[in-house]
Amino acid sequence: EEQKRLLENRPDQPQNPKVLRIAIIGAPNAGKSTLSNQLLGRKVFPVSKKVHTTRCKARGVITHEDTQLIILDTPGLTNPLKAKRHNLDEAMLTDPWDSMKHADLVLVLVDVSDHWTRNSLSKEVLECLSQFPHIPSVLVLNKVDILKKKFLLLEIVTDLTEGIVNGKKLQVKSAFKQDSSSSAKSPVQSTRASPENRAPGSPCQEQKNQAQEGSGLGKSSDVRAAESSPGTEEAQGPKHCGPKDLKDMKGWPHFQEIFMLAALRGEEVDTLKRYLLMQAKPGPWEFHSDVLTNQSPQEVCDNIIREKVLEYLPLEVPYGVTQVTEVWEEGECGELFIVQSLLVPRESHKRMLIGRGGKVISRIAQEAGQDLMNAFLCDVCLKLKVEVKG
C-alpha cells in the first residue's frame, strides 16, 4: 500500500531538479540486472546465470540530492527465433526498443569474459544503436575481474569502438612490459586518468577529472584520442545506419566514454554512478525520492523466486514454470507471509523442482526468502508448493 501511494503521489520536487533516464542494453546475461542492483544499492532486479532472467521492462530509481537517475533495466536484446526457443513473451522483442525511446543516455554492456562475443557487438545491439543515433551512448565493459589477460582489453576496446571514441580516433599503445597474464594490473583499479591519457578538449573527461574518476583505461594502457586535423580521417557524427552498413560493423564508433568494471563485486560501479549523476540535465523528477523501483512488491517477489528456479533447474525447464501467489499477508509486527504455487507442465519437471527429499525446493525457498528480506527490509516467511498444470 505504501509503495502504491508513493508511486501515485506527485514527486517531492527539489528547487532545481535534474534527471537522467538511462537505458541499459546488451546481450542476454551480460550483467545488466547485476549492474542495476549495484547502482541502486539494493537488489530489486532478478539475477541468474541463465539467459532471459529479466522478462519485463522495470525501472530503478536513484535519488541523490537534487538529481534523479531512472534506470530502465531491459530484457536482453534477442530475436524471434531465440524468443520462441525460450518461450518468451512478445513484449521481450519490443520492450528494449521502447526503453530506448525514453532514454537520455544508453549504456551498452559487454561481458568481456565471454570470448565468443566480446570482440563484436551483437546485431541486435547495433540495430538498436543505429535506430537511435541521436541518443548519447557509453560503452561499459563488465566482468573484467574474470579476464586473466588484461592486455586483451585494448583489443576489445578497439574492436567495439571501431577505433573511435568521443569523435576522435584512438591511439592505442600497450603499456604492458613482460607479464601479460593474470598478474597484470587490472584497469579496474585505475581512478583518475593521467593528463597524457586524456582526450584533448573532451568536456566529459574534464568533468570526470574534477570528480577524480576515469574511464578505467589509465594505468594499464595508453588509449588516446588523436586530434582531427585536415590530413586525418575525421570522425563522422552519428547517423542512421542501414542493414548494409551494419553488416560490416563489429563495433559502434559513436561512444562518448568507456568504463571498465566488475558489477558483481561492485568494483568501479561508483565511478560510473558519479559520471551518470554529472550527465543529468535540468528537468522534473518522475518519482518520489523514497521510490526505489516502479515494480509492485508482488512483482519483486515473483522475479526473485523465478531467479532461484532458473538457477537450480537444468536447461530450459524453468522457462515453462508459472507462478501463482495464493497468500500475501502482513503480520502485526510487519512480517510478511507469502505462499506461492509453482505450476509445471510435466510430472518429471515437478520431481526435478522438488528434488530428492525436497532439497531443491527448500533451498529455493530459503534463498528467495533471504533476498526478499533484503529487498523489503522486514522478516519474510516464504512457502513454495509445486503442482502440475491442469
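**Exercise 1.** Work out how H2 and H9 pack in this predicted model.

*Solution.* Start with the geometry: helix H2 (residues 32-40) and helix H9 (residues 269-279) pack at about 75 degrees, axes 10 Å apart. (Helices are DSSP runs of H or I, at least four residues, and strands are E runs, at least two, numbered from the N terminus; axes are lines fitted to C-alpha atoms, for helices over the stretch in contact, with angles from 0 to 180 degrees between N-to-C directions.) That makes the pair roughly perpendicular, a label covering 65 to 115 degrees. Next, list who touches whom, with contact meaning heavy atoms within 4.5 Å: H2 brings Leu-35, Gln-38 and Leu-39, while H9 brings Val-269, Leu-272, Lys-273 and Leu-276.

Two ground rules apply. Residues count from 1 along each chain as its sequence is written, and side-chain values use heavy atoms, without hydrogens or water. Local features need pLDDT of at least 70 and side-chain atom pairs 80 or more, whereas totals for chains, interfaces and linings use all residues.

**Exercise 2.** Lay out the three-stranded sheet and find its edges.

*Solution.* First, the order: this open sheet runs S11-S12-S13 with mixed pairing, where two strands pair if DSSP finds at least two bridges between them. S11 and S13 (380-388) each have a single partner strand, so one side of each lacks a neighbour in the sheet. Then zoom in on S12 (residues 336-344): nine bridges join S12 to S13, and the two run parallel. One such partnership links Leu-343 to Glu-387 in S13. Finally, add the helix: H12 packs on the sheet, touching S11, S12 and S13, at about 140 degrees to S13.

Conventions:
Parallel < 35°, antiparallel > 145°, perpendicular 65-115°, else oblique.
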